[in-house]
Structure formats: C-alpha cells, structure tokens
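Trainee: I've just opened this one and I'm lost. Could you walk me through it?
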Amino acid sequence: MKFLKSELQKHGGAPVPFEETVTFPKDMYFTVSGLRSLRDVRVWGEAQYYTNEEQLRVNFVVEGTMIVPCALTNVDVEYPFSEKRDVVFSFVKLEDSDSEILEAKKGIADLMPVIFETIICEVPLKVVSKEAEIKRQGNGWVLLSEEEAENQQEEFDPRLAKLRELLKNEE
C-alpha cells in the first residue's frame with residue numbers, strides 16, 4: 001500500500017479514502033514469537049496530502065485475525081484484533097531522526113511497514129483456548145482452589161503448637 005507524491009498532488013489536498021485487504025508472506029512474521037498466521041487483514045482509512053508542508057497524514061484502521069498458540073495446550077487459537085493509527089510521512093529529507101514523522105523515500109510513502117508494526121504490537125503475550133483443560137494435579141503437586149487453600153491453612157500441625165505459643169507471647 002503505497003502513496004505516490006505525484007498522485008496525491010492531483011487530488012489537490014482533498015482526503016483520499018482507501019480500503020484494501022493485505023497479506024504478508026509467512027517469512028515476514030515467522031520470527032515473531034507467538035504469531036503463527038494472519039488472516040483476513042483489512043486496512044481502511046483516509047490519506048491527506050498537505051502541499052505547503054509536503055507531508056502526508058494517514059489515518060487508518062487495521063483489523064483481522066491472528067493465529068497464536070494456546071499457553072496451556074499449544075493448539076492454534078484465533079485472536080481477533082483491531083487498531084486505529086495515525087501516521088505522518090514527509091516528502092522532504094528529515095534532519096531530526098528522533099521525529100515521529102516518517103520519511104517517504106523517492107516520492108513514495110509506503111504504509112505496509114507501519115501496518116505490520118501495528119499488527120506486531122497487537123500480538124498478545126498469552127492466550128488460553130476456551131477448550132483448554134487445566135491440569136489439576138501431577139507428580140507431587142495439586143492445584144487448589146482459593147476455598148481449598150483457605151481450608152488447608154486452617155488445619156494446624158500439632159508439632160508447631162509450641163511455635164504458635166511463642167509468636168502469641170511476642171505480640
């Protein structure tokens with residue numbers, strides 16, 4: 001999804017609406033931890049070129065479905081996402097590299113890296129499938145509910161009775 005300066009100038013500063021379904025090659029997100037696949041990624045919004053500043057302001061929404069692994073079972077989980085973003089491109093060389101304005105190279109403002117960055121920022125740290133079953137016990141351990149844990153704390157080991165008396169005396 002690229003915007004050419006020459007095409008934008010033809011619109012005379014009027015907003016240019018756009019809508020597109022985008023795909024990313026698997027090798028682009030293969031190294032991203034926790035992202036297995038992207039589906040139905042749709043981008044829509046509006047781009048407006050400001051002739052005096054030689055800047056392009058793009059307001060867009062990216063939405064779709066990412067496939068991520070379940071934290072418990074490692075099965076694929078569909079995770080829908082939707083994110084709104086505003087970006088400014090400059091068609092003149094930028095002197096301040098720390099600026100939030102992106103530089104358009106050779107008269108072309110490429111929105112695809114920004115879209116990909118937006119998606120990567122939406123990848124969740126952990127997702128649990130609705131069908132995942134939590135293992136309740138294993139070798140040498142048992143998972144207790146809060147009620148079970150409270151009941152277990154009330155039970156008292158008689159061997160520690162003397163210690164309890166000492167603690168009460170100090171208070």
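Mentor: Let's start with one pair: Val-68 stands opposite Val-77 in strand 5. Bear in mind that this is a predicted model, where local features need pLDDT of at least 70, side-chain atom pairs count only at pLDDT 80 or more, and totals for chains, interfaces and linings use all residues. Residues are numbered from 1 along each chain as its sequence is written, and side-chain values use heavy atoms, with hydrogens and water left out.

Trainee: How do you know that strand 4 and strand 5 pair?

Mentor: A pair needs at least two bridges found by DSSP between the strands. Strand 4 (residues 55–69) and strand 5 (residues 76–90) are joined by 15 bridges and run antiparallel, so they meet the definition of a pair. A strand here is a DSSP run of E with at least two residues, numbered from the N terminus.

Trainee: What is the order of the strands in the open sheet?

Mentor: The 5 strands go 2-3-4-5-6, with mixed pairing.

Trainee: Why is one side of strand 2 and of strand 6 left without a neighbour in the sheet?

Mentor: Strand 2 (16–22) and strand 6 (102–103) stand at the edges, and each has a single partner strand. For strand 2, 7 antiparallel bridges lead to strand 3 (residues 37–50), with Pro-17 opposite Glu-46.

Trainee: Why is Ser-90 called buried?

Mentor: Buried means under 20% relative accessible area. Ser-90 has 2%, so it counts as buried. Ser-90, found in strand 5, has contacts (heavy atoms within 4.5 Å) beyond four places in sequence, including Glu-54, Ile-101 and Leu-102.

Methods
Helices (H or I, at least four residues) and strands (E, at least two) are DSSP runs, numbered from the N terminus. Buried means under 20% relative accessible area, exposed over 50%, partly exposed in between (1.4 Å probe, protein chains only).
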